[in-house]
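Thanks for asking me to look this one over. Here are my notes, point by point, for you to read alongside the model.

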Amino acid sequence: MGSSYRDYGLSVIGNLGDFNYFLSIFNGGEGSVNIRSSQKGRSSLVNNGFAVSGLFEYKPKEIKDLNVGGYVGQGNKVYNDYLSYSGHIYWEPRPIRIKAEYVSIIDKNTSTDITTNGYYLMGAYGITKSIELLARFEYFDPFTDLDDNEETLITLGASYFVYPGDWTTGKIT
């Protein structure tokens, strides 16, 4: 373990036909737990458990530009105890783009679990190779046990693509 204040671990990445997977296990601690014990004046390495995560995606060849997936992660119970999960659907057959995501995090680091949820739905249409009109609806609830603390946003806008052949880079929104 180094003293660079980073998480260290192992990931396995692969695919099975139209399914992709990313599985990870890592120390998942605060930066200070990654320092060699000798640097802290101790004689053994510090290791207080692991965090795990997995991302799964389905990209069927029959439906071009569709990506359906989900994520689940469990934090290190000693330093950062949480459970998070999400799901997404992306369909982007240019000039149309439709994206939806849902995310939930359960923070278990306090005496009461704090659950946070959110989702969005975005639709976009490219009117030229460089200009896209878009609309997005977002919902966020920072603490589901409390009433009247949710936020809802509606965004209308446009994107300009500096490199129209690669819409994932060089855009101004």
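1. A word on terms before we start: helices and strands here are DSSP runs, numbered from the N terminus, with at least four residues for a helix and at least two for a strand. With that in hand, S159 sits in strand β9, which covers residues 151-161. Please keep in mind that this is a predicted model.

2. Is S159 buried or exposed? S159 has a relative accessible area of 3%, so it counts as buried, the cut-off being under 20%. Its C-alpha atom lies 9.3 Å from that of A124, although 35 residues separate the two along the chain.

3. Stepping back, the protein has ten strands and one helix. Read from the N terminus, the order is β-β-α-β-β-β-β-β-β-β-β. Of its 173 residues, 29% are buried. Carbon and sulfur atoms make up 60% of an accessible surface of about 10,900 Å².

4. Now some backbone details to check by eye. Most peptide bonds are trans, and most residues other than glycine have a negative phi. The bond joining R94 and P95 is cis, with omega about 15°; P95 belongs to the loop between β5 (82-91) and β6 (96-107).

5. Two aspartates deserve a look for their phi angles. D65, in the loop between β3 (51-58) and β4 (66-74), has a positive phi of about 70° and is partly exposed at 34% relative accessibility. D148 has a positive phi of about 60°; it lies in the loop between β8 (131-141) and β9 and is exposed, at 73%.

Methods: Residues numbered from 1 in each chain as written. Predicted model: local features only at pLDDT ≥ 70, side-chain atom pairs only at ≥ 80, totals over all residues. Heavy atoms only, no water. Buried < 20%, exposed > 50% of the residue type's maximum accessible area, 1.4 Å probe, protein only. Areas by Shrake-Rupley, 256 points an atom, 1.4 Å probe, with all protein chains shown as cover.
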